[in-house]
Amino acid sequence: MTTKCLNYLLLCLLIFLGACGKETKNTNEKVQKELPLNITVFLDLSDRIEKEKDNMIQSKKDSVIVNNLMSLFINKQDKKFQKSNDSFQVIFYPAPPKADDIASKLSLDLGKIEGAKKKSSLLDFKKNHTAHIKELYDKSLQAKEYFGSDIWGFFNKDKVADYIKDGYRNVFILLTDGYIYDENNVKVEDGYYSYILPKNINMEKGLIPCKISKTDFELYIIECNPTPAKDLEKMRELLNSWFSNMGIKSIDIQDTDLPSNTIKHLKNKIFE
């Protein structure tokens, strides 16, 4: 066989393998999207909610984003809600006072509701979620008692496993400015930190590694807002490295933006 023929056969083989790889990827994505949807939204309720950008206070931006996510979730049910096992939940860590009451108002698990009751539960969720979100942020701003957010501790204690469901398409949305800090959980170990602040964002080693037992979920980190803005790439690098080392393969990190742009991005990634 001539060299020319060998090169031609090799080229055909590469094209075939590439096509198979693409087909497998598309098939996997299709199967994933056909699974019941389990969305978890982690709210960072630290003093970041007082910040203002684009003539909009952060608490308002958060509220618009979460309410729109809930609306997209509700609209997804359409006429198939009786058979739906989809789930939506809003969580906090550490838990604020009366956390169970707040979480129950902002969460809906259709998989745990019998068919006849799903419609009324869905309608109630649709009717009241905007008011509940407003109440949550208004009380935080008025009382100046921010619940804070221990993101490092949440993953270090493998709390994320509590919200990942087998047989579901698991989506975890972390709504934060990207600064990881809790005054009750400040650690420095061999050059690694349990926090990210402006003063240490140029750390060489990064965040203290964490191990989690379940990694089969899509992670979206939205509204990152470092000061100065030029620190965004370093913040993205630190967060991506930390989560990648946990074994999470699908990581999407976005900076702060107009809520309409953020929602459009999440809609394209999650609901279409």
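**Exercise 1. Is D177 buried or exposed, and what is its relative accessible area?**

*Solution.* The model is predicted: local features need pLDDT of at least 70 and side-chain atom pairs count only at pLDDT 80 or more, while totals for chains, interfaces and linings use all residues. Residues are numbered from 1 along each chain as its sequence is written, and side-chain values use heavy atoms, with hydrogens and water left out.

Step 1. Apply the classes: buried means under 20% relative accessible area, exposed over 50%, and partly exposed in between (1.4 Å probe, protein chains only). D177 has a relative accessible area of 7% and is therefore buried.

Step 2. Locate the residue. D177 belongs to the loop between β6 (169-175) and β7 (188-189); helices (H or I, at least four residues) and strands (E, at least two) are DSSP runs, numbered from the N terminus.

Step 3. List the polar contacts, that is, pairs of N or O atoms within 3.5 Å; within protein, one must be able to donate a hydrogen and the other to accept it, and residues adjacent in sequence count only if both atoms are side-chain atoms. The D177 side chain makes such a contact with the side chain of K51 at 3.5 Å, and the D177 side chain also reaches the backbone nitrogen of Y179 at 3.0 Å.

Step 4. Add the wider surroundings, with contact meaning heavy atoms within 4.5 Å. Neighbours within four places in sequence aside, D177 touches residues including D44, R48, E223 and M235.

**Exercise 2. Describe the salt bridges of E223 and of D86.**

*Solution.* Step 1. A salt bridge is a side-chain nitrogen of Lys or Arg within 4 Å of a carboxyl oxygen of Asp or Glu. The structure holds 16 of them.

Step 2. E223 and K61 form one, with N to O at 3.4 Å. This pair links distant parts of the chain, 162 residues apart: E223 is in strand β9 (residues 218-224) and K61 in helix α2 (residues 58-77). E223 is buried at 0% relative accessible area, and K61 is buried at 1%.

Step 3. D86 bridges to K76, with the closest N and O atoms 2.7 Å apart. Here D86 lies in the loop between α2 and β4 (87-91), and K76, ten residues apart from D86, lies in helix α2. D86 is buried at 3% relative accessibility, whereas K76 is partly exposed at 38%.

**Exercise 3. Which strands form the open sheet, and where does F172 fit?**

*Solution.* Step 1. Two strands pair if DSSP finds at least two bridges between them. Six strands form the open sheet, in the order β5-β4-β1-β6-β9-β10 and with mixed pairing. Its edge strands, β5 (108-109) and β10 (250-255), each pair on one side only.

Step 2. Within the sheet, β1 (residues 37-43) runs parallel to β6 over seven bridges. In this pairing T40 stands opposite F172 of β6.

Step 3. Turn to the rings. Rings of Phe, Tyr and Trp (its six-membered ring) pair if their centres lie within 6.5 Å; planes under 30 degrees apart count as stacked, over 60 as edge-to-face and the rest as tilted. There are 15 aromatic pairs. F172 and F154 form a tilted one, 5.9 Å centre to centre with 35 degrees between the planes. The pair spans 18 residues, from F154 in helix α5 (residues 151-156) to F172 in strand β6. Both F154 and F172 are buried.

Step 4. Ring pairs link these two residues into a cluster whose members include F42, Y93 and W242.
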